[in-house]
Amino acid sequence: VGYHLYCLVPPGARPSKGLAGIDGAPVTGLDEGPLGLWVSEMETAPRPTVDGIRAHDRVIRAAMDAGSTPLPMRFGQWFSNRRRLVDRLEEKGAAYQAALADLEGSVEMGVRIVDPSEILRDSLREQSAGSGREFMEGLARLQRESRGRDELAQALAEDLRKRLGAVARRERVEPLEPGLGVVSIAHLVARSEVTAYRQVVENAGRDRPDLSYHRTGPWPPYSFVE
Amino acid sequence: VPEPPVVRKADRARREERMALAELVSRVVERGVVLSGDLVVSVGGVDLLYVGLDVLLATMDQVEGGGTGSDKDREDPEGKE
(Lines give C-alpha, C1' and ligand atoms only; values in the text may rest on other atoms or scores of the structure.)
Protein backbone atom coordinates (compact mmCIF):
# COMPACT_ATOMS: atom_id res chain seq x y z
CA VAL A 1 0.00 0.00 0.00
CA GLY A 2 1.20 3.56 -0.72
CA TYR A 3 1.53 6.40 1.78
CA HIS A 4 0.89 10.11 1.41
CA LEU A 5 2.95 12.01 3.98
CA TYR A 6 1.52 15.20 5.50
CA CYS A 7 4.02 16.18 8.15
CA LEU A 8 6.74 15.11 10.54
CA VAL A 9 6.08 15.45 14.27
CA PRO A 10 7.73 14.41 17.51
CA PRO A 11 7.39 10.64 18.04
CA GLY A 12 4.24 9.65 19.87
CA ALA A 13 2.15 12.56 18.57
CA ARG A 14 -1.05 11.05 17.18
CA PRO A 15 -3.89 12.51 15.09
CA SER A 16 -7.29 12.65 16.71
CA LYS A 17 -9.68 9.84 15.88
CA GLY A 18 -11.66 10.56 12.77
CA LEU A 19 -9.25 13.09 11.26
CA ALA A 20 -9.75 12.92 7.50
CA GLY A 21 -7.10 13.77 4.93
CA ILE A 22 -7.06 13.96 1.15
CA ASP A 23 -10.18 12.48 -0.44
CA GLY A 24 -11.44 11.74 3.07
CA ALA A 25 -8.72 9.16 3.71
CA PRO A 26 -8.13 8.45 7.43
CA VAL A 27 -4.96 9.98 8.88
CA THR A 28 -2.78 7.79 11.04
CA GLY A 29 0.40 8.36 13.02
CA LEU A 30 3.54 6.23 12.65
CA ASP A 31 6.79 6.39 14.57
CA GLU A 32 10.10 5.86 12.80
CA GLY A 33 12.96 6.22 15.23
CA PRO A 34 13.15 9.79 16.50
CA LEU A 35 10.40 11.03 14.16
CA GLY A 36 6.64 10.73 14.03
CA LEU A 37 4.82 10.73 10.68
CA TRP A 38 1.22 11.61 9.86
CA VAL A 39 0.15 9.72 6.78
CA SER A 40 -2.81 8.43 4.82
CA GLU A 41 -2.74 5.14 3.03
CA MET A 42 -3.34 5.87 -0.65
CA GLU A 43 -2.99 3.51 -3.58
CA THR A 44 -1.85 6.28 -5.91
CA ALA A 45 -0.33 9.71 -5.57
CA PRO A 46 -2.94 12.43 -4.98
CA ARG A 47 -3.73 14.93 -7.70
CA PRO A 48 -3.05 18.60 -7.05
CA THR A 49 -6.64 19.79 -6.77
CA VAL A 50 -7.70 22.75 -4.66
CA ASP A 51 -9.66 20.40 -2.40
CA GLY A 52 -6.62 18.15 -2.03
CA ILE A 53 -4.37 21.07 -1.19
CA ARG A 54 -6.86 22.30 1.40
CA ALA A 55 -7.10 18.84 2.94
CA HIS A 56 -3.31 18.54 3.10
CA ASP A 57 -3.10 21.86 4.93
CA ARG A 58 -5.99 20.95 7.24
CA VAL A 59 -4.17 17.84 8.48
CA ILE A 60 -0.96 19.74 9.16
CA ARG A 61 -2.91 22.42 11.00
CA ALA A 62 -4.46 19.70 13.15
CA ALA A 63 -0.94 18.59 14.08
CA MET A 64 -0.05 22.19 14.94
CA ASP A 65 -3.22 22.65 16.98
CA ALA A 66 -2.37 19.49 18.93
CA GLY A 67 0.47 21.42 20.53
CA SER A 68 3.77 20.71 18.79
CA THR A 69 5.09 22.51 15.74
CA PRO A 70 5.13 20.03 12.83
CA LEU A 71 7.45 20.00 9.83
CA PRO A 72 4.96 20.47 6.99
CA MET A 73 5.58 18.45 3.84
CA ARG A 74 5.14 19.94 0.41
CA PHE A 75 2.04 18.58 -1.32
CA GLY A 76 2.61 15.34 -3.20
CA GLN A 77 5.04 13.41 -1.01
CA TRP A 78 3.77 9.96 -1.83
CA PHE A 79 5.62 6.65 -1.51
CA SER A 80 4.64 3.35 -3.04
CA ASN A 81 5.34 1.45 0.20
CA ARG A 82 6.54 1.98 3.75
CA ARG A 83 10.05 0.72 3.05
CA ARG A 84 10.66 3.43 0.47
CA LEU A 85 9.31 6.07 2.83
CA VAL A 86 11.59 4.91 5.62
CA ASP A 87 14.62 4.77 3.32
CA ARG A 88 14.09 8.39 2.30
CA LEU A 89 13.58 9.46 5.90
CA GLU A 90 16.77 7.82 7.08
CA GLU A 91 18.83 9.93 4.68
CA LYS A 92 17.87 13.17 6.41
CA GLY A 93 16.47 11.97 9.72
CA ALA A 94 18.98 13.84 11.87
CA ALA A 95 18.38 17.11 10.00
CA TYR A 96 14.61 16.79 10.41
CA GLN A 97 14.99 16.03 14.09
CA ALA A 98 17.07 19.19 14.48
CA ALA A 99 14.54 21.22 12.49
CA LEU A 100 11.69 20.01 14.70
CA ALA A 101 13.59 21.12 17.77
CA ASP A 102 14.49 24.46 16.17
CA LEU A 103 10.90 25.27 15.17
CA GLU A 104 9.21 24.00 18.31
CA GLY A 105 6.98 26.69 19.80
CA SER A 106 6.95 28.78 16.62
CA VAL A 107 4.33 29.43 13.95
CA GLU A 108 4.40 31.16 10.60
CA MET A 109 2.56 34.44 10.22
CA GLY A 110 2.05 36.22 6.95
CA VAL A 111 1.13 39.55 5.46
CA ARG A 112 0.18 40.23 1.85
CA ILE A 113 0.47 43.89 1.00
CA VAL A 114 -1.77 45.09 -1.79
CA ASP A 115 -1.92 48.37 -3.66
CA PRO A 116 -5.66 49.05 -4.04
CA SER A 117 -5.04 51.44 -6.93
CA GLU A 118 -3.37 48.59 -8.80
CA ILE A 119 -6.46 46.46 -8.29
CA LEU A 120 -8.66 49.30 -9.40
CA ARG A 121 -6.62 49.55 -12.60
CA ASP A 122 -6.92 45.81 -13.16
CA SER A 123 -10.64 45.95 -12.58
CA LEU A 124 -11.05 48.81 -15.03
CA ARG A 125 -8.93 46.97 -17.53
CA GLU A 126 -11.17 43.93 -17.25
CA GLN A 127 -14.28 46.06 -17.52
CA SER A 128 -12.95 47.73 -20.65
CA ALA A 129 -11.76 44.50 -22.21
CA GLY A 130 -12.57 44.66 -25.85
CA SER A 131 -11.74 48.33 -26.11
CA GLY A 132 -8.38 47.79 -27.74
CA ARG A 133 -6.91 51.22 -27.28
CA GLU A 134 -7.83 51.53 -23.61
CA PHE A 135 -6.52 48.05 -22.96
CA MET A 136 -3.14 48.77 -24.55
CA GLU A 137 -2.85 52.10 -22.78
CA GLY A 138 -3.59 50.35 -19.51
CA LEU A 139 -0.94 47.75 -20.16
CA ALA A 140 1.67 50.37 -20.98
CA ARG A 141 0.84 52.22 -17.79
CA LEU A 142 1.14 49.04 -15.75
CA GLN A 143 4.54 48.28 -17.27
CA ARG A 144 5.83 51.76 -16.39
CA GLU A 145 4.57 51.46 -12.87
CA SER A 146 5.81 47.91 -12.32
CA ARG A 147 9.43 49.03 -12.50
CA GLY A 148 9.27 50.33 -8.96
CA ARG A 149 7.39 47.38 -7.54
CA ASP A 150 10.38 45.31 -6.46
CA GLU A 151 11.93 48.29 -4.73
CA LEU A 152 8.64 48.98 -2.98
CA ALA A 153 8.38 45.31 -1.91
CA GLN A 154 11.84 45.40 -0.35
CA ALA A 155 11.18 48.73 1.37
CA LEU A 156 7.94 47.42 2.89
CA ALA A 157 9.72 44.29 4.12
CA GLU A 158 12.48 46.43 5.63
CA ASP A 159 9.92 48.61 7.40
CA LEU A 160 8.25 45.55 8.93
CA ARG A 161 11.63 44.06 9.87
CA LYS A 162 12.50 47.17 11.88
CA ARG A 163 9.10 47.34 13.54
CA LEU A 164 9.02 43.65 14.46
CA GLY A 165 12.53 43.48 15.84
CA ALA A 166 12.92 40.31 17.91
CA VAL A 167 9.24 39.37 17.43
CA ALA A 168 10.18 37.86 14.07
CA ARG A 169 12.73 35.08 14.28
CA ARG A 170 13.04 34.79 10.49
CA GLU A 171 11.43 36.20 7.38
CA ARG A 172 10.81 35.26 3.78
CA VAL A 173 10.01 37.97 1.27
CA GLU A 174 8.27 37.21 -2.01
CA PRO A 175 7.58 40.08 -4.43
CA LEU A 176 4.37 39.36 -6.34
CA GLU A 177 3.14 39.68 -9.87
CA PRO A 178 0.72 42.56 -10.53
CA GLY A 179 -2.81 41.53 -9.70
CA LEU A 180 -1.86 39.40 -6.70
CA GLY A 181 -0.43 42.22 -4.59
CA VAL A 182 2.92 43.97 -4.13
CA VAL A 183 4.61 41.53 -1.76
CA SER A 184 3.89 38.53 0.45
CA ILE A 185 6.04 38.32 3.57
CA ALA A 186 6.21 35.35 5.91
CA HIS A 187 7.60 35.64 9.44
CA LEU A 188 8.50 32.94 11.92
CA VAL A 189 7.05 33.96 15.28
CA ALA A 190 6.85 32.39 18.72
CA ARG A 191 3.30 31.30 19.55
CA SER A 192 3.39 33.62 22.53
CA GLU A 193 4.17 36.58 20.23
CA VAL A 194 1.27 36.14 17.79
CA THR A 195 -0.82 38.90 19.36
CA ALA A 196 2.16 41.28 19.40
CA TYR A 197 2.88 40.42 15.77
CA ARG A 198 -0.67 41.22 14.70
CA GLN A 199 -0.53 44.55 16.49
CA VAL A 200 2.75 45.54 14.85
CA VAL A 201 1.43 44.68 11.38
CA GLU A 202 -1.80 46.53 12.06
CA ASN A 203 0.16 49.62 13.06
CA ALA A 204 2.34 49.36 9.97
CA GLY A 205 -0.77 49.16 7.81
CA ARG A 206 -2.25 52.17 9.54
CA ASP A 207 0.84 54.17 8.63
CA ARG A 208 0.39 53.27 4.95
CA PRO A 209 -3.22 54.20 4.18
CA ASP A 210 -2.38 53.99 0.47
CA LEU A 211 -1.84 50.22 0.83
CA SER A 212 -3.84 47.30 2.23
CA TYR A 213 -2.15 44.94 4.69
CA HIS A 214 -3.82 41.51 4.71
CA ARG A 215 -2.66 39.46 7.69
CA THR A 216 -2.71 35.67 7.48
CA GLY A 217 -1.83 32.92 9.91
CA PRO A 218 -0.95 31.26 12.11
CA TRP A 219 0.34 28.77 9.54
CA PRO A 220 2.47 25.69 9.98
CA PRO A 221 6.03 26.82 9.12
CA TYR A 222 5.88 25.99 5.39
CA SER A 223 8.18 28.86 4.48
CA PHE A 224 10.93 27.94 6.91
CA VAL A 225 11.64 24.32 6.06
CA GLU A 226 13.24 22.67 3.05
CA VAL B 1 -20.52 64.62 -13.55
CA PRO B 2 -19.52 60.99 -13.96
CA GLU B 3 -18.99 59.09 -10.75
CA PRO B 4 -15.40 58.07 -9.93
CA PRO B 5 -14.60 54.50 -10.92
CA VAL B 6 -14.84 51.90 -8.19
CA VAL B 7 -13.89 48.27 -7.97
CA ARG B 8 -17.06 46.27 -8.40
CA LYS B 9 -18.11 44.40 -5.27
CA ALA B 10 -18.03 41.06 -7.06
CA ASP B 11 -14.54 41.82 -8.42
CA ARG B 12 -13.31 42.67 -4.95
CA ALA B 13 -14.72 39.48 -3.43
CA ARG B 14 -13.26 37.38 -6.23
CA ARG B 15 -9.83 38.99 -5.82
CA GLU B 16 -9.82 38.52 -2.07
CA GLU B 17 -10.74 34.89 -2.56
CA ARG B 18 -7.92 34.48 -5.08
CA MET B 19 -5.46 36.12 -2.72
CA ALA B 20 -6.42 33.80 0.12
CA LEU B 21 -6.10 30.84 -2.21
CA ALA B 22 -2.75 32.13 -3.48
CA GLU B 23 -1.44 32.34 0.11
CA LEU B 24 -2.48 28.73 0.69
CA VAL B 25 -1.33 27.27 -2.62
CA SER B 26 2.03 29.03 -2.62
CA ARG B 27 2.78 27.47 0.75
CA VAL B 28 1.44 23.97 0.19
CA VAL B 29 2.69 23.49 -3.38
CA GLU B 30 5.84 25.61 -3.50
CA ARG B 31 7.17 25.32 0.05
CA GLY B 32 7.35 22.67 2.76
CA VAL B 33 9.70 19.74 3.14
CA VAL B 34 10.51 17.80 -0.02
CA LEU B 35 11.39 14.26 0.96
CA SER B 36 10.80 12.36 -2.23
CA GLY B 37 13.22 14.28 -4.40
CA ASP B 38 12.30 16.73 -7.11
CA LEU B 39 8.74 15.74 -7.69
CA VAL B 40 7.17 17.15 -10.78
CA VAL B 41 3.55 18.18 -10.61
CA SER B 42 1.92 19.05 -13.87
CA VAL B 43 -1.44 20.47 -14.78
CA GLY B 44 -2.69 20.00 -18.29
CA GLY B 45 0.70 18.65 -19.23
CA VAL B 46 2.47 21.87 -18.19
CA ASP B 47 5.24 21.43 -15.64
CA LEU B 48 4.41 23.68 -12.70
CA LEU B 49 8.07 24.27 -11.99
CA TYR B 50 8.08 26.48 -15.06
CA VAL B 51 4.87 28.42 -14.71
CA GLY B 52 3.92 31.16 -12.31
CA LEU B 53 1.52 30.80 -9.43
CA ASP B 54 -1.01 33.03 -11.15
CA VAL B 55 -1.08 30.65 -14.10
CA LEU B 56 -1.55 27.74 -11.72
CA LEU B 57 -4.45 29.49 -10.01
CA ALA B 58 -6.06 30.41 -13.30
CA THR B 59 -5.73 26.82 -14.46
CA MET B 60 -7.18 25.55 -11.21
CA ASP B 61 -10.07 27.98 -11.53
CA GLN B 62 -10.88 26.52 -14.91
CA VAL B 63 -10.50 22.96 -13.74
CA GLU B 64 -12.57 23.52 -10.61
CA GLY B 65 -15.19 25.36 -12.59
CA GLY B 66 -15.32 22.67 -15.23
CA GLY B 67 -15.27 20.02 -12.58
CA THR B 68 -13.62 17.42 -14.76
CA GLY B 69 -10.10 17.38 -13.41
CA SER B 70 -9.31 15.09 -16.30
CA ASP B 71 -6.49 17.17 -17.64
CA LYS B 72 -4.42 16.98 -14.49
CA ASP B 73 -1.69 14.49 -14.12
CA ARG B 74 1.58 14.08 -12.32
CA GLU B 75 4.70 12.04 -12.56
CA ASP B 76 5.85 9.47 -10.07
CA PRO B 77 7.36 11.57 -7.25
CA GLU B 78 9.86 8.86 -6.51
CA GLY B 79 11.29 9.18 -9.96
CA LYS B 80 12.47 6.48 -12.22
CA GLU B 81 15.38 4.68 -10.73
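Strands β6(A) and β8(A) run antiparallel to each other and pair over 8 bridges. Within this pairing, Met109(A) stands opposite His187(A) of β8(A). All of this is read from a predicted model. Strand β8(A) also has β7(A) as an antiparallel partner, this time over 7 bridges. Here Ala168(A) finds its bridge partner in Val189(A) of β8(A). How much of β8 of chain A, residues 183-190, is covered? The strand is mostly covered, with 7 of its 8 residues buried.

The next element to look at is helix α5 of chain A, which covers residues 149-164. The helix has 16 residues, and at 1.5 Å a residue these should span 22 Å; the C-alpha atoms at its two ends are 22 Å apart, so expectation and model agree. Several residues of α5(A) are buried, namely Arg149(A), Ala153(A), Leu156(A), Ala157(A), Leu160(A) and Leu164(A). Because these residues cover an arc of only 100° around the axis, they lie on the same side of α5(A). Glu151(A) and Lys162(A), on the other side of the helix, are exposed. Just after α5(A) comes Gly165(A), whose phi is positive, at about 55°.

Attention now turns to the nonpolar cores. In soluble globular proteins, nonpolar side chains tend to be buried together. The largest nonpolar core of this model has 24 residues, and among them Tyr6(A), Cys7(A), Trp38(A) and Ile53(A) touch the most other members. Two or more residues of this core come from each of β1 (3-9) and α1 (50-65) in chain A, and from α1 (9-30) in chain B. The largest share, 6 residues, is given by α1(A). A second core is separate from this one and holds 23 residues, including Val107(A), Ile113(A), Val167(A) and Val189(A). Val189(A) has already appeared above as the bridge partner of Ala168(A).

Charged side chains add another layer to the picture. Over all chains, the structure holds 18 salt bridges. One of them links Arg14(A) with Asp31(A), whose closest N and O atoms are 3.2 Å apart. Arg14(A) sits in the loop between β1 and β2 (28-32) of chain A while Asp31(A) belongs to strand β2, so this pair ties together parts that lie 17 residues apart in sequence. Arg14(A) is partly exposed, as its relative accessible area is 43%, and Asp31(A) also counts as partly exposed, at 31%.

Which salt bridges join the two chains? In one, Glu23(B) meets Arg112(A), with the closest N and O atoms 2.5 Å apart. Glu23(B) belongs to helix α1 of chain B and Arg112(A) to strand β6 (residues 106-114) of chain A, so the pair joins two chains. Both Glu23(B) and Arg112(A) are buried. They are also part of a network of salt bridges that links Glu108(A), Arg112(A), Glu23(B) and Arg27(B).

Another pair is formed by Arg31(B) and Glu174(A), and their closest N and O atoms are 2.4 Å apart. This pair crosses between chains too: Arg31(B) lies in the loop between α1 and β1 (41-43) of chain B, and Glu174(A) lies in strand β7 (residues 168-175) of chain A. Are the two partners buried or partly exposed? Arg31(B) is buried, since its relative accessible area is 4%, whereas Glu174(A), at 23%, counts as partly exposed.

How values were computed:
Residues numbered from 1 in each chain as written. Chains lettered and ligands numbered in written order. Predicted model: local features only at pLDDT ≥ 70, side-chain atom pairs only at ≥ 80, totals over all residues. Heavy atoms only, no water. Helix = DSSP H or I, 4+ residues; strand = E, 2+ residues; numbered from the N terminus. Expected span 1.5 Å × (residues − 1). Buried < 20%, exposed > 50% of the residue type's maximum accessible area, 1.4 Å probe, protein only. Arc of directions from axis to C-beta. Core = buried A, V, L, I, M, F, W, Y, C linked by side-chain atoms within 4.5 Å. Salt bridge = Lys/Arg side-chain N within 4 Å of Asp/Glu carboxyl O. Pairing = 2+ DSSP bridges.
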